[in-house]
Amino acid sequence: NQGISKERLGEYLGEEHTLNVEVLSAYTHLIDFKGLFLDDGLRKYLTYFQLPGESQKVDRIMQAFAEKYVLDCPEVFKSSTAAYSLSYLLMMLQTCLLYTSPSPRDRQKSRMPSSA
């Protein structure tokens, strides 16, 4: 995986063509999530590639993750739908925090008295 761009890999895995979907499934099944909490499993999964920007591609990738996570950790969720919903929520929350957090400089300015 060293010579492959994480961004391009994510784009490829998210495509809806039959071959891409089969590769996504096979690739996801190579990753072991046994004994991991959902957020740790998702973090591990996303170390191998970068999520694409298109929501439909992200959706396919998150569904593949949820299906494999439930196979590896059946005691955590009864269905992949529940794992998918929480995984997607975690991913969106992380994205929100990443892109809406004020910079340290902006936080410092907000602490200054208004007369400064």
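**Entry 1: K57**

I began with K57 in this predicted model. K57 is buried, with a relative accessible area of 7%. I place K57 in helix α4. Which residues does K57 contact, leaving aside its neighbours within four places in sequence? I find E11, G14, E15 and P52.

**Entry 2: K57 and E11**

Next I looked at the pair K57 and E11. E11 forms a salt bridge with K57. The closest N and O atoms are 2.6 Å apart. E11 sits in helix α1, residues 6-14, while K57 sits in helix α4, residues 55-72. The pair therefore ties together parts that are 46 residues apart in sequence. Is E11 buried or partly exposed? I note E11 as partly exposed, because its relative accessible area is 29%, and the buried class stops under 20%. K57, at 7%, falls under that cut-off and so counts as buried.

**Entry 3: K68 and D72**

I stayed in α4 and moved to K68. The side chains of K68 and D72 meet in a salt bridge, 2.5 Å from N to O. Both residues lie in helix α4. They are four residues apart, which is about one turn of the helix. I looked up burial for each partner. K68 counts as buried at 6% relative accessibility. D72 counts as buried too, at 11%.

I then asked which residues are joined into one network by salt bridges that share partners. I wrote down E11, E15 and K57.

**Entry 4: D40 and R43**

Helix α3 was next. D40 forms a salt bridge with R43. Their closest N and O atoms are 2.8 Å apart. Both residues lie in α3, residues 38-45. They are three residues apart, about one turn of the helix. D40 is partly exposed, with a relative accessible area of 29%.

How many salt bridges does the count come to? I get four.

**Entry 5: Helix α2**

I checked the length of α2, residues 18-29. At 1.5 Å a residue, its 12 residues should span 16 Å. The end C-alpha atoms are 17 Å apart, which agrees.

Which residues of α2 are buried? I list N20, L24 and T28. Seen down the axis of α2, the buried residues fall within an arc of 65°, so they line one face of the helix. On the other side of α2, I find T18 and L19 exposed. I also looked up what the buried residues of α2 pack against. The partners are α1, α3 and α4.

**Entry 6: Y88**

Last stop, Y88. I find Y88 in helix α5, residues 80-100. Y88 touches S55, V58, D59 and M62, not counting residues up to four places away in sequence. I took one of these contacts, V58, for a distance check. Y88 and V58 are 30 residues apart in sequence. In space, the two are 8.9 Å apart, C-alpha to C-alpha.

**Entry 7: Recap**

I kept a short list for the file.

- K57 in α4 is joined to E11 in α1 across 46 residues of sequence.
- K68 and D72 are paired within α4.
- D40 and R43 are paired within α3.
- N20, L24 and T28 are the buried residues of α2.
- Y88 of α5 has S55 and M62 among its contacts.

Technical notes: Residues numbered from 1 in each chain as written. Predicted model: local features only at pLDDT ≥ 70, side-chain atom pairs only at ≥ 80, totals over all residues. Heavy atoms only, no water. Helix = DSSP H or I, 4+ residues; strand = E, 2+ residues; numbered from the N terminus. Buried < 20%, exposed > 50% of the residue type's maximum accessible area, 1.4 Å probe, protein only. Expected span 1.5 Å × (residues − 1). Arc of directions from axis to C-beta. Contact = heavy atoms within 4.5 Å.
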